[in-house]
Amino acid sequence: MPKNTNRHLTSCLKCLLLIVALGYGCASMRSPEGGPIDKTPPVVLKMEPKNLTTNFNSQKVTITFDEYFNLQNAFKEFSISPEQEKPPLLKKAQKKLEITFQDTLEKNTTYTLNFGKAIADVHENNVLKNLTYVFSTGPLLDSLSISGQVKNTVTGKPELDAVVFLLPLSRDTLFGKKKASIYTTTDSSGHYKLSNLKKDTYKIYALKETGGDKIYQQSTDEIGFIKDSLVLNKNIDSVNIGIFKELAQNFRVLDRRLNPDGSIALVFNQHLIKPSLTVLDNKPIDENKLIRFNKTNDSLKLWLQDLSFDSVKIVIKDEDKPLDTLTFNRDKKDTYARTIQSRDNLEANMLNPYRPLKLLFNLPLTAIDPGKVILLEDSVRKTAFTFTKDTTDLLSYTLNYPWKKKSNYIITFEEGAVTGIFKAKNTAFKKIFRLASADDYGTLTLTVETPDTTKSYVLEIVDDKKIVVWSEPILKNRKIIFANYKAGVYFARIVYDENKNGAWDTGNVSKGRQPEKIWYSPAELSIKANWDRNEKLIIPPISP
């Protein structure tokens, strides 16, 4: 091959390599994809006519945003006050929202358009909350306001995104039937403000809802209200509302089912006082039934030990008063899967040295064979243990043994060690744990002083998650010993027990009854390991 040809090929190859290298280099220098997540909702750039316009005479309002947006649940979220027979039409046009009025606007009237949570950006669904547009068809705007805070009655914490709404007293009959047109939602501190209101007499409510329709649903929502009407002729501040879960006035079974193990589960919409259950027209089945109510008496589990029936009727009673009658049907060919299982009161495989070892089974037991239960203490088998059945809970048993410090325990329940009703057996399972050190526990002694010894109170100790870990009625000045509890942060709260039943009672909207008041002591009651703490708790008089 001629030399000139070789030189030409070499030059071409070098050029090709250079092009590839440059191309690769350019590709590798691209800007990185992605970036910080957008957390900003759409921003209003312009409103036409301007917000707070007087002598309004347009048939359309246009709102321009800084980005593309979605309208979500506009039917539920959007409202106009005063209401119109034909609501305005909402239409997206690029980055604009057009609101067209279909009805004639009243003269000399202030209107408020509330968009709730209807507007959100396209990509991250960031919601623009509580956007309003206000105008007046006359020369003046209504300018009165109501503000305050919404808290949860039980926890004492502010409620985020609670809906606070007003109903003119003349329209209060619409409560629970129709969405209110005058509303706002609370911020992260539970604060709210309703603005551009006219002089009138109102009823005010706060709603923590699940459905998003801004209509109170007793079965699922929490509600709060001010009993007295608000006469609005000047700005009103500090209208604070406590929300609560209202109990249903009429008894109803919310859920009923036949479980795979043959048991029957029922859930009620009320906390019963003294519940009972009777099987009708079948005395042998009724006499041998087993029932376990939960602590609040709003659910139960029922075991009928004779399953030879095709159909059975069950009547639910409270204080011997019949509430409902249910019928359960089964096919005699039905089969059930039953295996004995257990839970325990161990905490991270540690047993509280001041508490017995509790075992909670999923079926009522008929026998425990100690010969098939192997207890190892530091790998040495022990036999000096017993089981005691709990007299208040048919599924609960205590395993009694003198547990030792620093020892390792393994309890093995061999297959068939536990027998339940229907001759159900367990598969093999183990419990592995140690006895926690007593030095990890402490005692809190509270000297409680009441403001009125003729009244009743309930002292509740709650943990940092507001879960009640201990409760005690208080009828007089006394000392309360909160003994041998795990070191941690606790708080005291007081229920002003007006009906003296030893428990907190919720409110009732239709009867205008507020829930019993709860006061949280501001002091943190930390229990330190291996420490006895003494504190004074002075209960303040109930606030109006």
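**Figure 1. Lining of the largest cavity in the predicted model.** Seven nonpolar residues, one polar residue and two charged residues make up this lining. The nonpolar residues include Phe165, Leu167, Leu174 and Phe175. Gly176 is the polar one. Lys178 and Lys214 carry the charge class. Ala180, Ile215 and Tyr216 also line the cavity. The space inside comes to about 50 Å³. The structure holds one cavity of 30 Å³ or more.

**Figure 2. The largest nonpolar core.** This core has 30 residues. Leu357, Trp403, Ile411, Phe413 and Phe433 touch the most other members. Six elements are listed as giving two or more residues each: β29 (357-361), β30 (365-368), β31 (373-377), β34 (396-400), β35 (408-413) and β38 (429-435). β29 gives the largest share, four residues. In soluble globular proteins, nonpolar side chains tend to be buried together.

**Figure 3. Surroundings of Phe413.** Neighbours within four places in sequence are left aside here. Phe413 is then in contact with Leu359, Lys372, Val373, Phe387 and Val418. Its contacts also include Asn426, Thr427, Ala428 and Phe429.

**Figure 4. A separate core.** Another core, of 20 residues, lies apart from the largest one. Among its members are Val61, Phe65, Leu97 and Phe101.

**Figure 5. The chain behind the close-ups.** The protein chain has three helices and 46 strands. Its C-alpha trace spans about 105 × 85 × 60 Å along the principal axes. The radius of gyration is 34 Å, whereas a compact globule of 544 residues would have one near 24 Å. Of the 544 residues, 41% count as buried. Among contacts between residues at least 6 apart in sequence, 65% join residues at least 24 apart.

Methods:
Residues are numbered from 1 along each chain as its sequence is written. This is a predicted model: local features need pLDDT of at least 70, side-chain atom pairs count only at pLDDT 80 or more; totals for chains, interfaces and linings use all residues. Side-chain values use heavy atoms; hydrogens and water are left out. On a 1 Å grid over the protein atoms alone, a cavity is a set of points where a 1.4 Å probe fits but cannot get out, and a pocket is an open set with protein on both sides within 12 Å along at least five of seven lines; lining residues have an atom within 4 Å of a point. Grid points are joined across faces, edges and corners, and a volume is the space filled by probe spheres set on the points. A nonpolar core is a set of buried Ala, Val, Leu, Ile, Met, Phe, Trp, Tyr and Cys residues joined through side-chain atoms within 4.5 Å. Buried means under 20% relative accessible area, exposed over 50%, partly exposed in between (1.4 Å probe, protein chains only). Contact means heavy atoms within 4.5 Å. The radius of gyration is taken over C-alpha atoms; the globule rule is 2.2 Å times the number of residues to the power 0.38.
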